[in-house]
Amino acid sequence: MKTTIRVGTPEQVKGTTLIVTVGVTRRVPDSVKRLDRLSGGAIGRLLRSGDFTGKCGQVATLHPVKGPRRLVLVGLGEKKEISGSVLRRAAAAGCKVVTAAGTGRLSVFVPPEFRGDVAADEVARVVTEGAGQGAWRFREYKGNDSDAVELSALSILARPAERRTMQEGAKRGEAVAEGQSFARNLQALPGNVCTPSYLGDVASDVAKEYGFKATVMDPARIKRNGMRALLAVASGSDHESRFIVLEYRGAKNGGPICLVGKGITFDTGGISLKPALNMEQMKYDMSGAAAVLGTFVAIGRLKPKCNVVGIIPAAENMPSGTATKPGDIVESHLGKTIEIVNTDAEGRLVLCDALSYARRFKPSCVLDAATLTGAVVIALGYHATAVLGNDDDLVNEVISAGDLAGERCWQLPLWDEYSEQIKSDVADIKNVGGRSAGTITAACFLAEFAEDYPWAHLDIAGTAQVESDAPHLAKGPAGTGVRLFTQFVLGRAAG
Ligand code: BES
Ligand code: MN
Ligand code: ZN
């Protein structure tokens, strides 16, 4: 996708597709009046008719005799509610419709009347991100039975004074969009293709392309490092586990931000086998890993002035004669012993070794993203990522980054009382805490291994993938975490 900022007004767009975002109104905004006149008053008639009210997610297509070949109006909702997230969604909804219909070159105009408090560079950033999001499709395993095309050229209309700043925003938006699409493509791959070693290869490729340091450990090296909780999860699978570390150096000094991603390439539950219904969706259990890799793509393009380490413990969770059994006890990398009561609570086992391994980098903070619990869907549904951590300032920083990135987070408490639930009779700790507060007790488990640094955990089990098609987001993998992580990293780099 190539984004350009073009100085111009909407009535100057001729012969191509133009997307115009419009808040709830019955009147043509001033900045669109000349376009309306050129199109024979079609916009005004549409708004007055009530067929298109400008409510959020609404899309209407006009084919004016003069001006753009195709004019797509996208609703923004109430004027006072307009934000970066709203503009991102609108751009995504418009691009989704347009690219599905076979158009890969388009212009976007966001009328100044409908920008709320969003500054020009932000407008360009979120429109670019949204366009990439709306245009994304996964057709790797499909024949040519669709009209859909790639988004090849996006141009955003600007006034002369805002061209520079919008260019900056678009540059950042492009990098983030590419990272997010990269993550979604990885998520979409089936478990027989995207194995732990495949994730290792992808990490090496990303490192080569952008000049990161990559370390991909095989099981022997993982064992030498004492990461036996990770190995316990992998022990039922014929696919070898991998422990992946990516290092980006953008500053001379300063402890790195550590980003940890759960990389279970398929989660059958192991001996504590999951029911068959919807089990195919457990190919998405590497979404945390995809978020980290996608973020590194964005970082590779933007080169922020800070240090970032990515850590991905990757394994496949399978039942077999060599698999871990309920009741088995393993010693973790940190040294604490774990009673594995339920082999389906495998995410926290691979993550705990990654969290204690992270200490060696003397991180300024550690963030992890994981499709960790079904319970988070019960608590928050599909519209928020749960965030928990051992440092409220860091948690708040994550929530703010999420707001700016259009990835909403909601904090759950990590009070001591909950840790009672993961006490074991025979080992230092057990890996499940019963039915109540499942997302919290999972985080309590992780907290036992994230002792020496500020840490926040993102449970993305409800947000990593979309259940049903929405105007701005196709059903399937969402690349959740990439925008938030990138925003967080850039925020830290800016000081
Ligand atoms: N990968 C799952 C969590 C999950 C569930 C993600 C549904 C997406 C959708 C995780 O490994 C898991 O199985 N968690 C168990 C934990 C339980 C055994 C304590 C769960 O949530 O049921
Ligand atoms: Mn599981
Ligand atoms: Zn899992």
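This passage describes the surroundings of ligand 1 and of two metal ions in a predicted model. Local features are reported at pLDDT of at least 70 and side-chain atom pairs at pLDDT 80 or more, whereas totals for chains, interfaces and linings use all residues. Residues are numbered from 1 along each chain as its sequence is written, chains are lettered from A and ligands numbered from 1 in the order in which they are written, and side-chain values use heavy atoms, with hydrogens and water left out.

The zinc ion (ligand 3) is held by the protein donors K262 (NZ), D267 (OD), D285 (OD) and E346 (OE), which lie 2.0 to 2.4 Å from the ion; donors are N, O and S atoms within 2.8 Å of the metal (3.2 Å for Na, K and Ca), and sites may look incomplete since water is not among the atoms. Along the chain these zinc donors follow the spacing K-x4-D-x17-D-x60-E. The arrangement around the zinc ion is octahedral because its six donor atoms subtend angles of 80 to 176°, the term requiring, for six donors, that opposite donors be over 155 degrees apart and all others between 65 and 115.

The manganese ion (ligand 2) is coordinated at 2.1 to 2.2 Å by D267 (OD), E346 (OE) and two atoms of D344, O and OD, and its donor residues are spaced D-x76-D-x1-E in sequence. Six donor atoms surround this ion too, but they subtend angles of 71 to 168°, so the arrangement is irregular. D267 bridges the manganese ion and the zinc ion, which lie 3.1 Å apart.

Ligand 1 sits in the largest pocket, a pocket being an open set of points, on a 1 Å grid over the protein atoms alone, where a 1.4 Å probe fits and protein lies on both sides within 12 Å along at least five of seven lines; a molecule sits in a pocket if more than half of its atoms lie within 2 Å of the grid points. Of the 15 residues around ligand 1, counted when a heavy atom lies within 4 Å, those that come nearest are K274, D285, D344, E346 and G374. The shell comprises four nonpolar, four polar and seven charged residues.

An oxygen atom of ligand 1 is 3.2 Å from a side-chain N or O atom of K262, while a nitrogen atom of the ligand is 2.9 Å from a side-chain N or O atom of D285.

Key. Polar contact = N/O pair within 3.5 Å; in protein donor to acceptor, adjacent residues only side chain to side chain. 1 Å grid on protein atoms, 1.4 Å probe; cavity = no way out; pocket = protein on both sides within 12 Å on 5 of 7 lines; lining within 4 Å. Nonpolar A, V, L, I, M, F, W, Y, C, P; charged D, E, K, R; others polar. Tetrahedral: all angles 85-135°; square planar, octahedral: opposite > 155°, others 65-115°.
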